[in-house]
Amino acid sequence: MTPVSEPAARRPGGRANQKERTRQALLAATRTLLADGQAPTIARAAERALVSEATAYRYYSDVQNLLRDAFQWPGLDGLLSELRAIPTVEARARRAAEAMTRLVLARQAQIRALIAMSYAPGGAEKGSATRPAFRLPLIDAVLEPAADRLDAGERRRLQFALSAVIGAEAVLSLKDAGGCADEEIVTTLGWTAFQLAKAALGGGPSPTAGERA
């Protein structure tokens with residue numbers, strides 16, 4: 001007699017595998033919505049992923065957590081380790097700005113959609129799309145060597161200044177309004193971050209053309 005195949009969900013590990021497939025389907029659906037310029041919601045992600053809205057809510061209770069998992073920077077931890085191996089604040093600032101710029105240029109469609117949604121009516125309310133804050137851990141890593149060189153006010157001012165450079169807004173401004181080529185944007189924002197850190201710390205060597213930490 002031929003044995004009856006056991007349902008996949010009842011096999012060892014089957015249920016866990018099915019749950020992970022459902023979660024990945026929701027994340028893929030969210031990325032597709034962003035790429036299409038649509039505001040992700042739990043309901044829209046569920047529809048795209050071909051699961052019920054009730055099922056989707058068992059995985060993600062709000063869209064902020066869904067976006068957090070859908071919009072990841074896989075190389076972020078490695079970049080933070082790389083930054084911490086660079087001895088100077090100035091060189092760290094340049095490397096962080098260049099890396100952020102390349103990320104934004106590579107994922108423009110999704111990032112533009114997130115920015116547009118964050119400024120839309122109700123964009124800051126619960127349940128609406130929010131933007132990732134990749135620049136924050138980068139700037140913290142950049143400033144670690146300056147812990148004993150800046151007072152609280154100076155550190156805060158430099159944090160804000162670097163935030164204006166290490167982020168999507170600066171990249172897209174140069175891209176759209178400045179008409180800059182991609183590599184020119186990378187070089188310009190890296191140079192700007194270096195100079196901001198150098199000025200805040202009261203000196204240091206200027207970067208030469210093509211110099212990389």
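**View 1. Ile111 is a buried residue of helix H7**. In this predicted model, the relative accessibility of Ile111 comes to 8%, so the residue counts as buried. Its place is in helix H7. Look around the side chain and you will meet Phe71, Leu103, Val104 and Ala168, which are in contact with Ile111 once its neighbours within four places in sequence are left aside. Ala35 is also worth finding here: 76 residues separate it from Ile111 along the chain, yet their C-alpha atoms are 8.6 Å apart.

**View 2. Helix H4 has its buried residues on one face**. Which residues of H4 are buried? Within this helix, which runs over residues 63-70, they are Val63, Leu66, Leu67, Asp69 and Ala70. Viewed down the axis of H4, these buried residues fall within an arc of 165°, so they line one face of the helix. Here a reminder about helix geometry may help: an α-helix has 3.6 residues a turn, so residues three or four places apart point the same way. The cover over the buried residues of H4 includes helix H1 (14-35), helix H2 (42-49) and helix H7 (108-119). At the start of H4, do not miss Asp62, where a side-chain oxygen comes to within 3.2 Å of the backbone nitrogen of Gln64.

**View 3. Leu66 belongs to the largest nonpolar core**. This core holds 59 residues, and those touching the most other members are Leu66, Trp73, Leu83, Met100, Leu138, Leu162 and Ile166. Helix H6 (residues 89-106) supplies the largest share of the core, with ten residues. Zooming in on Leu66, and leaving aside neighbours within four places in sequence, we find contacts with Leu26, Leu27, Thr30, Thr41, Ile42, Ala45 and Tyr60.

**View 4. Thr22 is a buried residue of helix H1**. Is Thr22 buried or exposed? With a relative accessible area of 10%, Thr22 is buried. Setting aside its neighbours within four places in sequence, the residues in contact with Thr22 are Val51, Thr55 and Tyr59.

**View 5. Helices H9 and H11 pack roughly antiparallel**. The axes of H9 (residues 152-163) and H11 (residues 182-201) lie 10 Å apart, and the two helices pack at an angle of about 170°. That angle makes H9 roughly antiparallel to H11, because angles over 145 degrees count as such. Where the helices meet, H9 brings Leu158, Ala161 and Leu162, while H11 brings Ala193, Leu196, Ala197 and Ala200. One of these, Leu162, also appears among the core residues that touch the most other members.

Notes: Residues are numbered from 1 along each chain as its sequence is written. This is a predicted model: local features need pLDDT of at least 70, side-chain atom pairs count only at pLDDT 80 or more; totals for chains, interfaces and linings use all residues. Side-chain values use heavy atoms; hydrogens and water are left out. Buried means under 20% relative accessible area, exposed over 50%, partly exposed in between (1.4 Å probe, protein chains only). Helices (H or I, at least four residues) and strands (E, at least two) are DSSP runs, numbered from the N terminus. The arc is that of the directions from the helix axis to the C-beta atoms. Contact means heavy atoms within 4.5 Å. A polar contact is a pair of N or O atoms within 3.5 Å; within protein, one must be able to donate a hydrogen and the other to accept it, and residues adjacent in sequence count only if both atoms are side-chain atoms. A nonpolar core is a set of buried Ala, Val, Leu, Ile, Met, Phe, Trp, Tyr and Cys residues joined through side-chain atoms within 4.5 Å. Axes are lines fitted to C-alpha atoms, for helices over the stretch in contact, and angles run from 0 to 180 degrees between N-to-C directions. Angles under 35 degrees count as roughly parallel, over 145 as roughly antiparallel, 65 to 115 as roughly perpendicular and the rest as oblique.
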